[in-house]
Amino acid sequence: MNFGNLSTERQEYADAIEHLMETGLTTDGSGGRVCAGVFLSLYNSYAFPLNVIDLKLLDDDNWRHAIAAIKGRRRAQCEPHMQIADGERRVVELKEKWAEL
């Protein structure tokens, strides 16, 4: 993540958020669950606390996106659902799919 250019950081954050959302919605199993969990924790960490040890279940690509999203949320100070198209509706869909989180 480029910490010198905020617009580049926000784009990297948006790309990472989109990846986590899409993976969470379209993938079953631990990878989809953890990607959904990272997204939902960034969305509302009180309602969806992240079990950090679950990050070890991610493959390298999903892990990079998860870390970029976590860094981006801190740095850009932008809500994740506001960074993607139709974010509010997709959050509802993600919460319904992964209700056990």
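**Note on a predicted four-helix chain**

1. Buried residues make up 42% of the 101 residues in the protein chain. The model is a predicted one, and the remarks below should be read with that in mind. The protein chain has four helices and zero strands, and its elements, read along the sequence, follow the pattern α-α-α-α. The radius of gyration of the protein chain is 12 Å, close to the 13 Å that the globule rule gives for 101 residues, so the chain is as compact as a globular protein of that length.

2. On overall dimensions and contacts, the C-alpha trace of the protein chain spans about 40 × 30 × 25 Å along its principal axes. Of the contacts in the protein chain between residues at least 6 apart in sequence, 69% join residues at least 24 apart.

3. As to surface and charge, the accessible surface of the protein chain comes to about 5600 Å², and 50% of that surface belongs to carbon and sulfur atoms. The side chains include 12 positive and 16 negative ones, and the centres of these two sets lie 6 Å apart.

4. The cysteines deserve a brief remark. A disulfide is a covalent bond between the sulfur atoms of two cysteines, and the structure holds zero disulfides. C35 is buried, with a relative accessible area of 0%, and C78 also counts as buried, at 13% relative accessibility.

5. The loop between α1 (6-26) and α2 (30-43) contains T27, a residue that is partly exposed because its relative accessible area of 30% falls between the 20% and 50% limits. Leaving aside neighbours within four places in sequence, T27 is in contact with G32, K97 and W98. The C-alpha atoms of T27 and S41 are separated by 18 Å, the two residues being 14 apart along the chain.

6. Two residues of the loop between α2 and α3 can be set side by side, namely N44 and D54. N44 counts as partly exposed at 28% relative accessibility, whereas D54 is buried, with a relative accessible area of 18%. N44 is 36 residues from P80 in sequence, and the C-alpha atoms of N44 and P80 are 9.7 Å apart in space. D54, for its part, is 24 residues from S30 in sequence, with 8.5 Å between the C-alpha atoms of D54 and S30. Not counting residues up to four places away in sequence, D54 touches R33 and V34.

7. Helix α3 (residues 60-76) includes R73. Although R73 has a side chain that one might look for at the surface, is it buried or exposed in this model? R73 is buried, because its relative accessible area of 19% is under the 20% limit. Not counting residues up to four places away in sequence, R73 touches Y13, L42, C78, E79 and P80; of these partners, C78 is itself buried, at 13% relative accessibility.

8. The loop between α3 and α4 (87-97) holds Q77, and the backbone there merits a check by the reader. Most residues other than glycine have a negative phi, and most peptide bonds are trans. Q77 is not a glycine, yet Q77 has a positive phi of about 55 degrees. Q77 is exposed, with a relative accessible area of 58%.

9. D86 is placed in the loop between α3 and α4 as well. The phi of D86 is near 55 degrees, again a positive value in a residue other than glycine. D86 is partly exposed, since its relative accessible area is 45%.

10. H81 also has its place in the loop between α3 and α4, but H81 is buried, with a relative accessible area of 12%. Which residues does H81 touch, not counting those up to four places away in sequence? The partners of H81 are F39, Y43, G87, E88 and V91.

Key. Residues numbered from 1 in each chain as written. Predicted model: local features only at pLDDT ≥ 70, side-chain atom pairs only at ≥ 80, totals over all residues. Heavy atoms only, no water. Buried < 20%, exposed > 50% of the residue type's maximum accessible area, 1.4 Å probe, protein only. Contact = heavy atoms within 4.5 Å. Disulfide = S-S within 2.5 Å. Rg over C-alpha atoms; globule rule 2.2 N^0.38 Å. Areas by Shrake-Rupley, 256 points an atom, 1.4 Å probe, with all protein chains shown as cover. Lys, Arg positive; Asp, Glu negative; His and termini not counted. Charge placed at Lys NZ, Arg CZ, Asp CG, Glu CD.
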